[in-house]
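Trainee: Could you take me closely through one part of this model, the sheet near the start of the chain, and then place that part in its wider setting?

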Amino acid sequence: MAGVRYAAASRVYAKGARPAVDGLDLEIKDGEFMVLVGPSGSGKTTALRMLAGLEPLDGGRIEIGGRDISDVQPKDRDIAMVFQNYALYPSKTVAENMGFALKMRHVPRPERDRRVREAARILDLDEALLDRKPKQLSGGQRQRVAMGRAIVREPKVFLMDEPLSNLDAKLRVQTRSQIAELQRRLGITTVYVTHDQVEAMTMGHRVAVLSGGKLQQCASPRELYDNPVNQFVAGFIGSPAMNLLPAPLTDGGARLAGAVIPLSPAVRAAAARDKLTELVVGIRPEHLHLVAAPASAGSASAGSAPAGSAPSAGTGVDQALHGEVLLVEELGADALLHVRLTGDGDGTGDGAGRGGTVVARTEGRKAPAPGQPVAFRVQPDNVFAFSPETGARLAS
Amino acid sequence: MTAVTAREAAAPGAPRRGRRTRELSGLAGWTVLGWVAGIAFFIPVLWMVVTAFKPESAAETWPPQFTFSPTLSEFRLVFSGMGPFIEHSAVATVGSTVLVLVLALPAAYALSIHPVGKWRDSLFFFISTKMLPVVAAIGPLYVIALKAHLLDSIWLLIILYAAMNLPLAIWMIRSFMLEVPGEMLEAARLDGAGRFREITEVIMPVVSPGLVSTGLICVIFAWNELFLALNLTVTNAATMPMFLISSVPQEGLYIAHLSAAATVASVPVIIVGWIAQRSLVRGLSMGAIK
């Protein structure tokens, strides 16, 4: 058991091309479950393979337990990897598959059998399966054999490359919690790669979000959700995604679809410092509170406004976002409204945000129907502001 | 489905029936053509086998005789005369195939699993050797064999047949090796398997059906080879194709004897082809694509 450290690790595939992994600095504590998440091409799998020794480093170094393993052979790094397609040996039985690494290390037969049986027990693999070949097993069983092959080696670090992506949805949810629980029980440092942010949020102690080979933010799931450090993280974490719309600055806030979204003084100061005239405003779907579509500004709010929010009486400037429902997605307890912002047609301001679409989460049983006009209110605290040039979050 | 007008709706069966008839007659046409082609290719072979059972006097007649009293006399003659020939064929075929497999396996490995630099050039070089007609090379080959005292030697045939089959074998085995999933090799690498273990424990089990079909193809080509045997052997290494040629005397009737000899010579290859038909098709077409 040991921690892992990436120190300015880089990998470039072709001279002059964009690095696949660009100066990654990441520290993983001993026993931690670290998830590397990001879209395709973000470098997360490459970073994992660099740790495994399957990709060479073109810059920087990687340490396991304080020891620089950048030039060490994969088999000597004391790691074990679970591959996306399991990579089981088709001509060997399950027991032989799981014991192969031990056989390569000349571990005596009785000790090998003991460890294989122990791993099978931990994974709830029936002993009868140990003599079968991989092609006789179901997808879920094969996945567990792949994990068993890693567990048997009792390594310092587990590496997992999207191990759930070949399972059906229901099995994926089930296995997700089993893997998380297993890691907590064994306490082995785990680096887990996925493109699915739901997996990242539910399984990891900490999550590292990557994009374009660069680390965007590494923090606990809660911290990533509540305090994204830039527009990419804000839009990537959370399902459905945060609504991100361009909005020009105006007195007291930003103008969006004819309404003025209030911004905190710190944000406004940061925008002024950077000489910005326009921002990207981010609001999460659950922070768009449905109000009864008012004929005029300032009517009392109804619907799903939570207890803490005071319905603000209009002061002549309409602060509600008006729109028309395009689509209602029923989730059971909740409903997702896809709304096209229309503005209230008072002719003030430019058309910023007008015509843009937002997604709002509302109570399932009281959802409006498609075509209906709706209006939303949003608390200033729940509004994120990002720089349109760099994507960085303004103030915090 | 386009909209049906009132007129068409009145007779809905007619256009549909016409199309179906056209489909069926198209299919029937291809089926007939297939059968005609198959029979056309098979008839000469059938005729050869039938003629093998005829006495010499009834073999070459015009019009061809379909009824005759079958006899095994020609076969008896063949069996009595073919002994050394079939022995040489067997040794040359098996020997060259073993040599091919021993050499092609590491070569294919070096061109697929852990490709060496310039592997593309190497592959093209191998295939380019097949582009030269063997007729062009026979002169130099003869001189070399003469100087090396290898004329009329079974070793010469083993070496030359191996050289003849090696490019094809390398291409085929390489295409089978490319099918080994990369992840499996990486898993083996992480498990600590060295190069030898990687080959024996991971690659061979996956590739072995491909090795069998490659070997069988090499057997077929080596067995049937005539040109080199004809020019470079006389008696000590004469193969079955030579036996067939020797069945054609300067004078006298020979068709029945030749047919019998050809039938006997074909039997091993037919058995081999039959056993391996599926993997043969796969092996040949894959070697072409990859």
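Mentor: Before we look at the sheet, a word on pairing: two strands are taken to pair if DSSP finds at least two bridges between them. Please also keep in mind that this is a predicted model. With that in hand, the sheet in chain A is an open one of 4 strands, which follow the order β2-β1-β4-β5 and pair in the antiparallel sense. Because β2 (21–28) and β5 (67–68) of chain A stand at the edges and each have a single partner strand, one side of each is left without a neighbour in the sheet. Helix α1 of chain A, residues 44–52, packs on this sheet and touches β1, β2 and β4 of chain A, while its direction makes about 115 degrees with that of β1(A). Looking within the sheet, strand β1 of chain A (residues 4–11) and strand β4 of chain A (residues 59–64) are antiparallel partners joined over 5 bridges, and one residue pair to find on screen is V4(A), whose bridge partner in β4(A) is I64(A). In general, the strands of a sheet pair through backbone hydrogen bonds, in either a parallel or an antiparallel way.

As for the wider setting, chain A is divided into domain 1, covering 4–235, and domain 2, covering 240–386. Between these domains of chain A, 4 residues of domain 1 are in contact with 7 residues of domain 2, and the side that domain 1 of chain A turns to domain 2 of chain A has, by class, 1 nonpolar residue, 3 polar residues and no charged ones.

Further along chain A, strand β19 (residues 373–377) pairs antiparallel with strand β15 (residues 289–291) over 3 bridges, and here R377(A) in β19(A) is the bridge partner of H289(A). Strand β16 of chain A (residues 321–330) also runs antiparallel to β19(A), to which it is joined by 4 bridges, and in this case L321(A) has F376(A) of β19(A) as its bridge partner.

Finally, there is the contact between the chains, which takes 15 residues from chain A and 14 residues from chain B. On the side of chain B that touches chain A, the elements that give two or more residues are α9 (182–190) and α10 (195–224) of chain B, and α9(B) gives the most, with 6 residues. By class, the residues on that side of chain B divide into 8 nonpolar, 1 polar and 5 charged.

How values were computed
Residues are numbered from 1 along each chain as its sequence is written. Chains are lettered from A and ligands numbered from 1 in the order in which they are written. This is a predicted model: local features need pLDDT of at least 70, side-chain atom pairs count only at pLDDT 80 or more; totals for chains, interfaces and linings use all residues. Two residues are in contact if their C-beta atoms, placed from the backbone, lie within 7 Å. Axes are lines fitted to C-alpha atoms, for helices over the stretch in contact, and angles run from 0 to 180 degrees between N-to-C directions. Domain bounds come from an automatic or database domain assignment. Ala, Val, Leu, Ile, Met, Phe, Trp, Tyr, Cys and Pro count as nonpolar, Asp, Glu, Lys and Arg as charged, and the others, Gly among them, as polar.
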